[in-house]
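Here is a short report on one protein chain. Keep the sequence and the 3D view open while you read.

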Amino acid sequence: MRISDITNYLETLAPLSFQESYDNAGLILGDASNQASGVLITLDVTEAVVEEAIALNVNLIIAHHPIVFSGLKKITGKNYVERTLIKAIKNDVAIYAAHTNLDSVLQHGVNTMICQKLGLKNTTILDPVVGKLLKLVVFVPENYADKVRNVLFKAGAGTIGAYDSCSFNSAGTGTFKAGETANPFVGEKEKLHREPEVRIEVVLPEHLKTKVIDAMIQSHPYEEVAYDIYRLENAWSQVGSGMIGELETAEEEANFLHRVKHSLNTNCIRHTELRQKPVKKVAVCGGAGSFLLKHAIKAQADVFISGDFKYHQFFDADGKILIADVGHFESEQFTKELFYELLMRKFSNFAIHFTKVNTNPIKYL
Ligand SMILES: [Zn+2]
């Protein structure tokens, strides 16, 4: 199996186009066409993690945080990033990261794991992404409508929330006049032709555009396929930042925080003043999530669980919500389990290891 077989699979689950603009997810180091000897899963890549991969005879590290965020002009080993890269290059170890693209998927994302650990129900994306959905309209002769529609669905179009095979179909008449050089499927050259057609409308994610259009053209009988693509302003309920859900039964605040501390295996929770209100609605965001505080308040969450809140940002709770900062590493530690679960679905006979290195740079006294 090649490294690209693994990374391509991960990118069907967490497409790179889902990552934030500042991010650098994807294959960061290495040749994707090399045979993979095994995978080492980690949250961060450090020299110690590369050494562990070498000792395990594993040539692919899959991490949550990209080791490189911005351009490197020199690689001389003057900091841990450069030393880690040099060690990996010398030993032919590839490095891959699935970061904000993995954060943002509803069904198998980083926040999904946190929601599961806390036992949240009715979970949805806290801040759904906007502008990543397209509408495709295609005109198909009546007898081919079923075939083309099914091909569109199979290629990934027509999914809305928990529903697939969604389309709208309206019958009408198409007209065309084939030119001298044309090779028309129906009608005669240089004669106006009228054909009963179906206008099929489906939504599709932007990252599947090429795949869907190629499949549509392959299955369509016409030499020139008439179709339109529109960019939608709809929010996409399946992709975005943070998640929100509900506890089965409301819990007293202090008890809930103790349970969070235990469930998320954290040494310390920094939180705002208790509001003397039971907790029912819970918003979460793994990693640095303070940018979502206003969304959590707007969604009327009782608690917002995240990491990396700064002193002044705690004031922004303003009695409207309980902020619980569980730590960046702690909130994302289950990402390793998530990688393992996703990889095992497809590569169950492959060597997949968890790092034994504690890469959290923050220690508690
Ligand atoms: Zn993070």
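The chain folds into 12 helices and 15 strands. The model is predicted. Along its principal axes, the C-alpha trace spans about 85 × 55 × 40 Å. The chain has 365 residues, and 48% of them are buried. Contacts reach far along the sequence. Take those between residues at least 6 apart: 72% join residues at least 24 apart.

The chain exposes about 18700 Å², and carbon and sulfur atoms supply 50% of that area. It carries 38 positive and 43 negative charges, and the mean positions of the two sets lie 2 Å apart.

**The open sheet**

Six strands make up an open sheet with mixed pairing, and their order is β5-β10-β12-β13-β14-β11. Which strands stand at its edges? They are β5 (121-130) and β11 (270-271). Each has a single partner strand, so one side of each is left without a neighbour in the sheet. For β11, pairing with β14 (residues 322-325) is antiparallel and runs over 2 bridges. Within that pairing, arginine 270 has aspartate 325 of β14 as its bridge partner.

**The β2-β3 pair**

Strand β2 (residues 39-42) pairs with β3 (residues 60-63) in the parallel sense, over 4 bridges. Threonine 42 has alanine 63 in β3 as its bridge partner. In a regular strand, side chains alternate between the two faces of the sheet. Strand β2 shows two such sets: Val39 and Ile41 point one way, while Leu40 and Thr42 point the other way. Are these β2 residues buried or exposed? All of them are buried.

**Two asparagines with positive phi**

Most residues other than glycine have a negative phi. Asparagine 57 has a positive value, near 60 degrees. Asparagine 122 also has a positive phi, of about 50 degrees, and it is not a glycine either. The table sets out their places and accessibilities.

| Residue | Phi | Place | Relative accessibility |
|---|---|---|---|
| Asparagine 57 | near 60 degrees | loop between α2 (47-56) and β3 | 59% |
| Asparagine 122 | about 50 degrees | strand β5 | 61% |

Why does asparagine 57 count as exposed? Its relative accessibility is 59%, and the cut-off for exposed is over 50%. Asparagine 122 counts as exposed because its relative accessibility is 61%. Asparagine 122 belongs to β5, which is an edge strand of the open sheet.

**Cysteines**

How many disulfides does the chain have? The count is 0. Cysteine 268 is in no disulfide, and the nearest cysteine sulfur, that of cysteine 285, is 19 Å away. A disulfide would need the two sulfur atoms within 2.5 Å. Cysteine 268 counts as partly exposed because its relative accessibility is 29%.

**Alanine 215**

Alanine 215 sits in helix α7 (residues 209-219). Which residues does alanine 215 contact, leaving aside its neighbours within four places in sequence? The contacts are Val151 and Ala155. Alanine 88 is 127 residues from alanine 215 in sequence. In space, the two alanines are 40 Å apart, C-alpha to C-alpha.

Note on methods. Residues are numbered from 1 along each chain as its sequence is written. This is a predicted model: local features need pLDDT of at least 70, side-chain atom pairs count only at pLDDT 80 or more; totals for chains, interfaces and linings use all residues. Side-chain values use heavy atoms; hydrogens and water are left out. Buried means under 20% relative accessible area, exposed over 50%, partly exposed in between (1.4 Å probe, protein chains only). Contact means heavy atoms within 4.5 Å. Accessible areas come from the Shrake-Rupley method with a 1.4 Å probe; for residues, only the protein chains shown count as cover. Lys and Arg count as positive and Asp and Glu as negative; His and the chain ends are not counted. The place of a charge is taken as NZ of Lys, CZ of Arg, CG of Asp or CD of Glu. Two strands pair if DSSP finds at least two bridges between them.
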